[in-house]
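Hi,

Here is the structure I said I would pass on to you. Have a look at it first, and then read my notes underneath.

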Amino acid sequence: MNEQLQTNNDYGMQLEPERQRQRKRSKRDEADPINLNMLPMMALFTIILCYLLKSYSTDPVQITPTAGTQLPSSTTSLSPQNAVQVALSNRAIIVDDKKVADVNNGRIELSQKKGRNPASLFITPLYDHLKMLAEKEKLVARYNKEQKFKGMLTVIADKRIPFRLLTEVLYTAGQAEFGAYKFAVIKSKE
């Protein structure tokens, strides 16, 4: 039996030869560097890189004019901001991809004006919808201190619409607490 047992370990106990070899082997394994499979790591980093490039290169504001809309051109250097989008065409007024009011030949129907008065600048369904959006944005701003209500509109207007229709829309938006606005244009080269 003495032949099978070897020297004392750290605790004064006798170890069998096989167990002692396992212990030496485990110490040797700890010193060896860990081999990693590089293919999965490269795939992971490639995916992360593609995601970061895509999110960095895309503009946070998407402006989509309605079919048949011709935007005016400008030499502006300002970039678009995230705001409520109001699209004007010869057929409709659309707020954030939802049709709000009908337009016939550049004029709002009398049934959609305040008091059915043709001289009125107030468009009732547009006001109702914008007021609802303003209240929603104020509620979000109340709980999220980073996002403040600015009352900003992005006006996507066909360059052929009458000035009167544009005036009515901007007047109504101002009544609904959207007093700041920017026009969507096509950037032309000088």
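**What I found**

E3 and E4 run antiparallel and are joined by 4 bridges. Before I go on, please keep in mind that this is a predicted model.

Let's stay with that pair of strands for a moment. Ile 94 has Lys 99 as its bridge partner in E4, while Ile 93 is matched with Ala 101 in E4. The two strands make a hairpin with 2 residues between them. Have a look at the backbone there: Asp 96 in the turn has a positive phi of about 45°. Asp 97 lies in the loop between E3 and E4, and its phi is near 65°, a positive value in a residue other than glycine. Is Asp 97 buried or exposed? Its relative accessible area is 69%, and the cut-off for exposed is over 50%, so Asp 97 counts as exposed.

E3 also pairs with E2, in the antiparallel sense, over 3 bridges. Here a hairpin of 3 residues does the joining, and Leu 88 has Ile 93 as its bridge partner in E3.

Now zoom out to the whole sheet. Strands pair through backbone hydrogen bonds, either parallel or antiparallel. This sheet is open and has 6 strands, in the order E5-E4-E3-E2-E6-E7, with mixed pairing. Which strands stand at the edges? They are E5 (107-108) and E7, and each has a single partner strand, so one side of each is left without a neighbour in the sheet.

Next, the inside. In soluble globular proteins, nonpolar side chains tend to be buried together. The largest nonpolar core here has 25 residues, and the members that touch the most others are Leu 88, Ile 93, Leu 130 and Phe 178. Several elements supply at least two residues each, among them strand E2 (84-88), strand E4 (98-104), helix H3 (124-143) and strand E6 (152-157). Helix H4 (163-175) is also on that list, and H4 gives the most, with 5 residues.

Try clicking on Leu 130. Leaving aside neighbours within four places in sequence, Leu 130 is in contact with Val 84, Val 86, Val 95, Leu 153, Ala 173, Ala 176 and Phe 178.

There is a second, separate core of 5 residues too, including Ala 92, Ile 94, Ile 156 and Ala 184. Where do the side chains of E3 go? Ala 92 and Ile 94 point one way, Ile 93 and Val 95 point the other way, and all are buried.

Two more spots for your tour:

- Glu 177 sits in the loop between H4 and strand E7 (180-183). Its phi is near 75°, a positive value in a residue other than glycine. Glu 177 counts as partly exposed, at 31% relative accessibility.
- Leu 44, Phe 45, Ile 48, Tyr 51 and Leu 52 make a nonpolar surface patch of about 550 Å². Tyr 51 lies in helix H2 (residues 38-57). Why does Tyr 51 count as exposed? Because its relative accessibility is 58%, and exposed means over 50%.

If you only have a few minutes, start with E3: it pairs with E2 over 3 bridges and with E4 over 4 bridges, and E3 has buried residues pointing both ways.

Cheers

Conventions
Residues are numbered from 1 along each chain as its sequence is written. This is a predicted model: local features need pLDDT of at least 70, side-chain atom pairs count only at pLDDT 80 or more; totals for chains, interfaces and linings use all residues. Side-chain values use heavy atoms; hydrogens and water are left out. A nonpolar core is a set of buried Ala, Val, Leu, Ile, Met, Phe, Trp, Tyr and Cys residues joined through side-chain atoms within 4.5 Å. Buried means under 20% relative accessible area, exposed over 50%, partly exposed in between (1.4 Å probe, protein chains only). Contact means heavy atoms within 4.5 Å. Two strands pair if DSSP finds at least two bridges between them. Patches are made of residues with over 30% relative accessible area and no salt bridge: like charges are joined within 9 Å, nonpolar side chains (Val, Leu, Ile, Met, Phe, Trp, Tyr) within 5 Å. Accessible areas come from the Shrake-Rupley method with a 1.4 Å probe; for residues, only the protein chains shown count as cover. A salt bridge is a side-chain nitrogen of Lys or Arg within 4 Å of a carboxyl oxygen of Asp or Glu.
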